[in-house]
Amino acid sequence: MKIIDEFDRRSYRNVWTVSECAGGDIHPVSYELLGKARELAAAGGCEVWTVVLGSGFSEHLDALYAYGADVIVAVDDARMRAFNDELECHVLERLVEKYRPEIVLCAATSRGRALIPRLASRIHTGLTADCTGLAIDPDSGNLLQTRPAFGGNIMATIKCTDYRPQMATVRPKVMPMPSPEPGRTGRLIRESILASDTLNIKEILQTVERREPTVNLSEARIIVAGGRAMKGPDGFRLLEAFAKQLGGAVGASRAAVDNGWIAYPHQIGQTGATVQTDVYIACGISGQIQHLVGMQSCKTIVAIDIDDTTPMMKLADVSVKGDLFEIIPELIKELNKGGSL
Ligand SMILES: Cc1cc2nc3c(=O)[nH]c(=O)nc-3n(C[C@H](O)[C@H](O)[C@H](O)COP(=O)(O)OP(=O)(O)OC[C@H]3O[C@@H](n4cnc5c(N)ncnc54)[C@H](O)[C@@H]3O)c2cc1C
């Protein structure tokens with residue numbers, strides 16, 4: 001909504017997050033968003049509100065307060081058991097018009113990506129997708145929304161100066177998980193679905209249970225990732241054996257995925273998954289910026305490469321120069337003997 005004057009600008013208050021609810025559970029990224037929202041609200045001197053649209057999530061409300069919500073706006077309705085982007089968008093539009101948030105943050109999950117651009121378009125405001133940094137401009141109070149642009153070659157900081165709310169999405173695992181404060185409480189506002197929300201929109205007749213993904217990189221503590229140097233599917237079988245010994249998962253660069261050596265859900269980077277593991281072992285991955293944006297927040301990075309001048313070898317906490325086809329079998333042998341890395 002375009003800001004008409006200073007009075008209008010000031011009528012928008014508070015930082016909102018959209019908490020994602022599926023089957024009564026709250027997606028962990030919702031807590032990551034609350035952590036960032038707390039920082040922004042502290043800088044802007046306002047409250048953190050979170051909106052939960054779904055069904056049967058009441059047991060999780062305490063957790064939302066504990067992770068940072070001052071106010072929860074809850075719409076708990078069986079018609080929202082399955083995700084319906086049109087219905088959620090209508091309800092959110094009404095809530096935004098009623099409460100006038102200054103900032104709205106949403107997860108860049110498949111649900112968030114379906115919902116939030118639709119909302120931004122309906123309420124005529126800007127949206128910055130896949131932000132990696134969010135801060136309040138101390139001079140203007142605007143939200144500074146930073147994200148990779150032009151294929152990851154520059155980091156762009158975007159402002160939405162003349163429209164409200166300012167809207168941004170953030171991918172899971174990009175913002176750190178805040179520490180919860182057990183016992184923290186706040187206000188609860190219950191809202192309902194109105195007849196006008198359901199007028200002329202699609203109805204979900206049947207839902208099909210999701211098949212388990214082949215790999216869940218976001219939950220892995222250790223990832224062994226391979227790049228173009230793996231040379232083919234056999235190279236990835238070597239990495240699978242290595243990852244299995246370590247209790248980790250296998251990741252890949254886009255070069256490996258594009259070559260068809262491993263499936264897309266394993267891809268890490270700008271156009272793949274973002275991960276934040278305890279240990280990330282990059283095997284023959286040069287570390288182009290599009291790969292780094294997906295893994296640079298991992299706690300300990302190990303790189304194996306024949307060339308010690310690559311960006312990945314420079315970024316790594318431990319860089320091992322050498323041929324991975326000699327090094328990895330030796331490591332597997334050591335682990336088989338009961339050794340550790
Ligand atoms: C819009 C856009 C989006 C992109 N998104 C992504 C993304 O999400 N994820 C991603 O990964 N890429 C992405 N890319 C591609 C990215 O720019 C790089 O091309 C890609 O990451 C390179 O993959 P790589 O490191 O495996 O290959 P290379 O850059 O070719 O590196 C291979 C490395 O292996 C080393 N090596 C070779 N043989 C051996 C050996 N025997 N032992 C040890 N080391 C060896 C080499 O020295 C080299 O450092 C994107 C590009 C664009 C333009």
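**Close-up views of a predicted model**

**Figure 1. D130 is placed in the loop that links β7 (127–128) with β8 (133–136).** The model shown here, as in every figure below, is predicted. The phi angle of D130 is near 55 degrees, which is a positive value in a residue other than glycine. Most residues other than glycine have a negative phi. D130 counts as partly exposed because it has 17 C-beta neighbours inside 10 Å, whereas a buried residue needs 20 or more and an exposed one has 12 or fewer.

**Figure 2. Helix α4 covers residues 85–99.** Its 15 residues reach 21 Å from the first C-alpha to the last, close to the 21 Å expected at 1.5 Å a residue. The buried residues of α4 are L87, E88, C89, H90, V91, L92, L95 and V96. These buried residues pack against the strands β4 (48–54), β5 (71–76) and β6 (103–107), and against the helices α5 (110–122) and α6 (195–198).

**Figure 3. R100 follows just after α4.** This residue belongs to the loop between α4 and β6. Its phi is near 55 degrees, a positive value in a residue other than glycine. R100 is partly exposed, because 15 other C-beta atoms lie within 10 Å, a count between the limits of 12 or fewer for exposed and 20 or more for buried.

**Figure 4. A cis peptide bond joins R164 and P165.** The omega angle of this bond is about -5 degrees. P165 is found in the loop between β10 (154–158) and β11 (166–170). Most peptide bonds are trans.

**Figure 5. The ligand has 28 residues around it.** Of these, G227, S253, R254, G269 and S286 come nearest. By class, the shell around the ligand holds eight nonpolar, 15 polar and five charged residues. At least two residues of the shell come from each of α8 (254–258), α9 (289–292), β16 (300–305) and α11 (324–336). The most are given by α8, with three residues.

**Figure 6. Helix α11 ends shortly before G338.** The end C-alpha atoms of α11 are 18 Å apart, which agrees with the 18 Å that its 13 residues should span at 1.5 Å a residue. Just after α11, G338 takes a positive phi of about 95 degrees.

**Figure 7. Domain 1 (6–198) and domain 2 (217–336) divide the chain.** The centres of domain 1 and domain 2, taken over C-alpha atoms, are separated by 33 Å. Nine residues of domain 1 are in contact with eight residues of domain 2. The side of domain 1 that touches domain 2 consists of three nonpolar, four polar and two charged residues.

Definitions and conventions
Residues are numbered from 1 along each chain as its sequence is written. This is a predicted model: local features need pLDDT of at least 70, side-chain atom pairs count only at pLDDT 80 or more; totals for chains, interfaces and linings use all residues. A residue is near a molecule or strand if its C-beta atom, placed from the backbone, lies within 6 Å of it. Helices (H or I, at least four residues) and strands (E, at least two) are DSSP runs, numbered from the N terminus. Ala, Val, Leu, Ile, Met, Phe, Trp, Tyr, Cys and Pro count as nonpolar, Asp, Glu, Lys and Arg as charged, and the others, Gly among them, as polar. The expected span of a helix is 1.5 Å times one less than its number of residues. Two residues are in contact if their C-beta atoms, placed from the backbone, lie within 7 Å. Domain bounds come from an automatic or database domain assignment.
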